[in-house]
Amino acid sequence: MFRGYQRGWLRGDLLAGVTVAAYLVPQVMAYAEVAGLPAITGLWAAVAPLVAYAILGSSRQLSVGPESSTALMTAAAVTVLVAGDQQNYANTAAALALSVGAICLICWVARLGFLANLLSHPVLIGYMAGIAGLMIISQLGKVSGIAVEGDSVLSELRFFVADLGRVHWPTLLVAVATFALLVAFQRLLPRWPGPLVAMVLAAVAVAVLDLDRMGVKTVGTVPRGLPAASIPDFSTINLGTLVPAALGVTIVAYTDNVVTARAFATRRREVIDARQEFLALGAANLGAGLFSGFPVSSSGSRTVIGDAVGSRTQLYSLAAAAIVLLTMLFLGPALSTFPLAALGALVVFAAIRLIDFAELRRIARFRRSELFLALATAASVLIFDVLYGIAIAVALSILELLKRIARPHDGILGYVPGLAGMHDIDDYATGRQVPGLVVYRYDAPLFFANAEDFKRRALASVDAADPPVEWFLLNAEANTEVDLTAVDALEEVRKTLAERGIVFALARVKFDLRESLAPTGFLDRIGEDRVFMTLPTAVSAYQQWQAARHGGDMPSAQS
């Protein structure tokens with residue numbers, strides 16, 4: 001990570017470290033509150049991950065530590081795991097972080113980097129929008145002063161709406177003022193540590209105006225120093241519930257890590273090692289768990305800030321970690337004055353930025369089915385909570401993939417005057433088939449989910465041909481994979497055509513496909529002389545066959 005370090009990068013890395021730390025301190029304290037933990041826990045969970053990723057990560061820009069998704073997932077999972085035993089809450093959160101770290105290391109050993117692709121882009125956008133909604137709802141009590149109750153997101157929302165008349169106005173005023181400051185900094189001074197300035201001003205306002213006496217709550221006593229490294233007590237936790245929860249957090253944390261890292265690496269033509277990210281994220285979560293923290297992942301907002309200020313390597317993360325350490329050792333009294341309403345406003349501000357409205361509009365312009373995926377994922381996260389929302393998001397991605405492969409595009413190929421090669425005749429008004437020959441292309445691997453669809457549409461292409469078909473030529477360039485169900489479908493098509501006196505032939509058969517078909521005997525049944533490397537040789541063979549069968553020269557295929 002630090003090989004070839006250039007002296008000219010030092011200023012940018014140090015400045016980025018200071019700026020990111022200024023942003024990080026209030027942010028991770030707010031995320032700890034989201035996770036259902038004391039605010040100081042956010043700082044405990046920040047230092048070890050920053051150092052671990054700086055040493056082991058493959059991204060030069062990524063900032064790793066407490067962030068919104070894993071904080072919310074921690075709250076959802078730990079609430080179920082402790083079953084009302086709040087004294088075991090912090091221990092369980094740390095155990096969850098250790099479990100996430102262990103799963104990441106197992107995935108690193110098993111080379112499971114493909115997990116980064118489990119969630120499609122529309123599903124990720126929808127998931128983040130759902131997370132944003134959960135974050136906002138989770139902060140309604142803090143920013144309004146209403147003691148919101150409920151055992152689900154919807155019940156909390158109903159309770160809040162029903163109790164709007166009990167809003168604590170000084171608390172709401174602090175939240176609104178903080179939010180307005182954050183928006184102003186974002187638009188006018190984007191490189192400034194807006195969250196820190198806003199939190200300091202909010203704390204000053206509470207002190208000067210005696211708002212705490214009016215009922216505005218603050219963070220309260222913040223212990224100085226670092227927590228001692230310790231292994232959580234797993235004997236009090238149901239492992240049958242802990243492991244699935246940790247697996248869900250791992251999928252989201254790792255996917256977020258790789259997607260964010262790749263986005264920034266692309267700008268600088270750098271390469272992200274998906275497997276190495278498992279090792280780095282695993283070490284980060286082990287560090288968070290050992291120091292009484294909670295699961296962590298990458299922070300897009302902090303990564304953006306570091307990159308904008310001038311970070312060039314992970315030295316900026318080490319600088320940020322050093323400043324957080326100094327903060328915990330010496331600035332506890334100052335942190336204790338931060339009003340909870342301001343922290344809540346910071347979470348709401350971060351949540352709104354997670355909703356990518358421009359990207360949702362782009363998805364809608366591209367394909368409505370993908371917009372539905374995004375919106376359905378967001379709704380699932382809101383209605384069924386984070387863990388079930390993740391499962392539904394993955395299922396929706398897989399279903400969308402299966403739908404496309406189960407009903408792919410197909411085409412009947414012919415010649416177009418003035419264009420070389422063969423083309424889908426539906427795409428050109430002047431496209432013409434070779435008389436008596438159907439050249440059919442099915443644009444997907446063949447397997448159990450689309451075998452019947454292939455058989456039906458292939459035979460339909462023969463039925464629709466005029467004049468009657470003598471050869472059926474399958475252009476297999478897109479059929480890179482087959483399973484036994486697909487081979488049986490191919491054989492049924494061949495038999496049906498043979499009964500009608502139609503020859504079945506193959507063209508553009510890739511070596512892997514040939515290797516899959518050969519042991520089944522299918523190639524022997526159609527004959528090696530009916531398997532062609534290219535379309536022109538197949539068409540030429542058909543012409544020769546037709547000439548021999550009917551006698552005399554036949555018209556050119558392109559005539």
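Guide: A residue is called buried when its relative accessible area is under 20%, exposed when that area is over 50%, and partly exposed in between. The model shown here is predicted.

Visitor: Why is N475 called buried?

Guide: N475 has a relative accessible area of 0%. The limit for a buried residue is under 20%, so N475 counts as buried. N475 belongs to strand β6, which covers residues 471-475.

Visitor: What makes the meeting of the side chains of N475 and E477 a polar contact?

Guide: The distance between these two side chains is 2.8 Å. A polar contact requires a pair of N or O atoms within 3.5 Å, one able to donate a hydrogen and the other to accept it. The pair N475 and E477 is therefore listed as a polar contact.

Visitor: How do you know whether S336 is buried or exposed?

Guide: The relative accessibility of S336 is 16%. Buried means under 20%, so S336 counts as buried. S336 is placed in the loop between α14 (332-335) and α15 (340-354). From there, the side chain of S336 reaches the backbone oxygen of P333 at 2.5 Å. The C-alpha atoms of S336 and T221 are 5.4 Å apart in space, while the two residues are 115 residues apart in sequence.

Visitor: What makes the pair of Y254 and F278 stacked?

Guide: A pair of aromatic rings is described by the distance of the centres and the angle of the planes. For Y254 and F278, the centres are 3.7 Å apart and the planes stand at 5°. Rings pair if their centres lie within 6.5 Å, and planes under 30 degrees apart count as stacked. The pair of Y254 and F278 is therefore stacked. Y254 lies in helix α10 (residues 239-267) and F278 in helix α11 (residues 274-290), so the pair ties together parts that are 24 residues apart in sequence. Y254 counts as buried at 1% relative accessibility, and F278 is buried at 0%.

Visitor: How many aromatic pairs does the structure hold, and which residues form one aromatic cluster?

Guide: The structure holds 13 aromatic pairs. One aromatic cluster is formed by Y440, Y442, F454, F472, F504 and F522.

Visitor: Why is strand β3 described as largely enclosed by the rest of the structure?

Guide: Strand β3 spans residues 410-415, and 6 of the 6 residues are buried, so the strand is largely enclosed. D410, I412 and G414 point one way from β3, and G411, L413 and Y415 point the other way.

Visitor: How do you know which strands pair with β3?

Guide: Two strands pair if at least two bridges are found between them. β3 is joined by 4 bridges to strand β5 (residues 437-442), and the two run antiparallel. β3 also pairs with strand β4 (residues 422-424) over 3 bridges, again in the antiparallel sense. Both counts reach the required number, so both are pairings. On the β5 side, G411 has R441 as its bridge partner, and L413 has V439. On the β4 side, L413 stands opposite D424. The hairpin of β3 and β4 has 6 residues between the strands, and in this hairpin G418 takes a positive phi near 90°.

Visitor: What makes β4 and β8 the edges of the sheet?

Guide: The open sheet has 6 strands in the order β4-β3-β5-β6-β7-β8, with mixed pairing. β4 and β8 (531-532) each have a single partner strand, so one side of each is left without a neighbour in the sheet.

Visitor: Why is R111 called exposed, and why is R508 called partly exposed?

Guide: R111 stands at 59% relative accessibility. Exposed means over 50%, so R111 counts as exposed. R508 has a relative accessible area of 37%. Partly exposed lies between 20% and 50%, so R508 is given that name. R111 is located in the loop between α4 (89-110) and α5 (121-138), and R508 in the loop between β7 (503-507) and α20 (511-517). Phi of R111 is near 55°, a positive value in a residue other than glycine. R508, also not a glycine, has a positive phi of about 55°.

Visitor: How is L226 classed, and which residues make a nonpolar surface patch with L226?

Guide: With a relative accessible area of 48%, L226 falls under the 50% limit for exposed residues, so L226 is partly exposed. L226 makes a nonpolar surface patch of about 480 Å² together with L326, L329, F330 and L331. The place of L226 is in the loop between α9 (194-208) and α10.

Terms used:
Residues numbered from 1 in each chain as written. Predicted model: local features only at pLDDT ≥ 70, side-chain atom pairs only at ≥ 80, totals over all residues. Heavy atoms only, no water. Phe/Tyr/Trp six-rings, centres within 6.5 Å; stacked < 30°, edge-to-face > 60°. Buried < 20%, exposed > 50% of the residue type's maximum accessible area, 1.4 Å probe, protein only. Patch = residues over 30% accessible without salt bridge, like charges linked within 9 Å, V, L, I, M, F, W, Y side chains within 5 Å. Areas by Shrake-Rupley, 256 points an atom, 1.4 Å probe, with all protein chains shown as cover. Salt bridge = Lys/Arg side-chain N within 4 Å of Asp/Glu carboxyl O.
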